[in-house]
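Colleague: I should like to learn how to read the packing of helices in a structure. Could you take me through an example?

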Amino acid sequence: MDENKEVRDSSPAWKPLQTYTLATICLVIGLAIGYFLRGSAAPATAAATTTSAEAAQQPTQASQQQMPSLDQMKGMADKQAAPLLAKLKDNPNDADTLNQLGMVYRAAHQFKTAIDYYQKSLDINPRNVGARTDLASCMYYLGDVDGALAQLDKSLSYDPKHTGTLINIGIMRWKGKNDVQGAIAVWQKALKLNPDPQSKQVIEHMIAEAKQSKQKVTITGVGS
C-alpha cells in the first residue's frame with residue numbers, strides 16, 4: 001500500500017499522535033475521531049483488528065491525561081511545521097514538503113490547514129495517491145463526504161489497485177452514505193486484488209462488521 005516510500009520515510013515524526021495502526025478500526029467501532037488508513041503511511045497491523053470497542057471507548061486515566069487539546073496540538077503542529085515552512089521559502093513548488101506540511105497538520109486535527117497544503121502539493125504532483133488519500137480523509141472529517149469520495153475516485157484513475165484507497169472508499173460509503181452494500185462491494189473488489197495479509201485481515205474484519213450492522217438494522221425494522 002506504500003507507493004511513495006520517500007514521502008513516508010521523510011515525514012515529520014509525530015509519535016504522540018500517530019495512531020495510524022488503528023486507522024480503519026477506529027472508525028469502524030464508532031469513535032468520535034479516528035484515522036482512515038493513510039495513503040502515505042504503513043498499513044494497519046493485524047493486531048489492530050483485535051482491538052475491542054470497549055477498550056477503545058474506555059481509555060485509561062493516564063492516556064486521558066496525555067491527550068492534548070486541539071489548541072495544544074495546533075501549537076505543536078506550528079512548531080513542527082516551522083522548519084518545513086523555512087524550506088518552502090527556498091522552493092515554494094516542492095510538492096514533497098507541501099505534502100509533509102499537510103501530514104503535520106492532519107495529525108494535529110487541523111484539517112482545513114492540512115487540506116490547503118495537500119491541495120497545493122497535488123496541484124504540482126497530481127499523481128501522488130498517498131497525498132490525495134490523506135486529503136480525502138481530511139475532507140471527510142469536515143463533513144464533505146461527496147468531495148472526499150470524488151478525490152478517492154480520482155486516486156483510482158491513477159492507481160486502480162490502490163488498496164488503501166479502496167478501503168477508505170468503503171468506509172466512507174458505509175459511514176458517510178449509509179451504503180452498506182456499496183461498501184462491501186468495494187472491499188470485496190480489494191480482496192480480489194490479493195492485498196498483503198495485514199490489509200486482508202482488516203478488510204475481512206470490516207466486511208463482517210458491515211454485514212452485522214446491516215442485520216441489526218433489518219431486525220430493528222421488523223420489530224418496529
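Modeller: The discussion below goes from the chain as a whole to two helix pairs and then to the core. Please keep in mind that this is a predicted model.

Colleague: Let us begin with the overall make-up. How many helices and how many strands does the secondary structure of the chain come to?

Modeller: The chain has twelve helices and zero strands. Of its 224 residues, 45% count as buried. Among contacts with a separation of 6 or more, 60% join residues 24 or more positions apart.

Colleague: How does one describe two helices that pack together?

Modeller: Two packed helices are described by the angle between their axes and the distance between those axes. Take helix α7, residues 111-124, and helix α8, residues 129-141: they pack at an angle of about 150 degrees, with their axes 9 Å apart. Angles over 145 degrees count as roughly antiparallel, and therefore α7 is roughly antiparallel to α8. The crossing of these two helices is left-handed.

Colleague: Which residues of α7 and α8 meet?

Modeller: On the α7 side they are Phe111, Ala114, Ile115, Tyr118, Gln119 and Leu122. These meet Ala131, Arg132, Asp134, Leu135, Cys138, Met139 and Tyr141 of α8. By type, the residues of this contact divide into ten nonpolar, one polar and two charged.

Colleague: May we apply the same reading to α10 and α11? At roughly what angle do their axes cross?

Modeller: The axes of α10 and α11 cross at roughly 170 degrees and come within 7 Å. That angle makes α10 roughly antiparallel to α11. The contact involves Leu166, Ile167, Ile169, Gly170, Ile171, Arg173 and Trp174 of α10, together with Val180, Gly182, Ala183, Val186, Trp187, Lys189 and Ala190 of α11. These residues comprise ten nonpolar, two polar and two charged.

Colleague: Let us turn to the core. Which residues of the largest nonpolar core touch the most other members?

Modeller: They are Tyr118, Met172 and Trp187, in a core of 45 residues. The elements giving two or more residues to this core are α5 (70-90), α6 (95-107), α7, α8, α9 (145-158), α10 (163-176), α11 (180-192) and α12 (197-223).

Colleague: Which residues is Trp187 in contact with, leaving aside its neighbours within four places in sequence?

Modeller: With those neighbours left aside, Trp187 is in contact with Leu166, Ile167, Gly170, Ile171, Trp174, Ile203, Met206, Ile207 and Ala210. Trp187 thus appears both in the contact of α10 with α11 and in the largest nonpolar core.

Methods. Residues are numbered from 1 along each chain as its sequence is written. This is a predicted model: local features need pLDDT of at least 70, side-chain atom pairs count only at pLDDT 80 or more; totals for chains, interfaces and linings use all residues. Side-chain values use heavy atoms; hydrogens and water are left out. Axes are lines fitted to C-alpha atoms, for helices over the stretch in contact, and angles run from 0 to 180 degrees between N-to-C directions. Helices (H or I, at least four residues) and strands (E, at least two) are DSSP runs, numbered from the N terminus. Angles under 35 degrees count as roughly parallel, over 145 as roughly antiparallel, 65 to 115 as roughly perpendicular and the rest as oblique. A crossing is left-handed if the near helix is turned anticlockwise from the far one by less than a right angle, and right-handed if clockwise. Contact means heavy atoms within 4.5 Å. Ala, Val, Leu, Ile, Met, Phe, Trp, Tyr, Cys and Pro count as nonpolar, Asp, Glu, Lys and Arg as charged, and the others, Gly among them, as polar. A nonpolar core is a set of buried Ala, Val, Leu, Ile, Met, Phe, Trp, Tyr and Cys residues joined through side-chain atoms within 4.5 Å. Buried means under 20% relative accessible area, exposed over 50%, partly exposed in between (1.4 Å probe, protein chains only).
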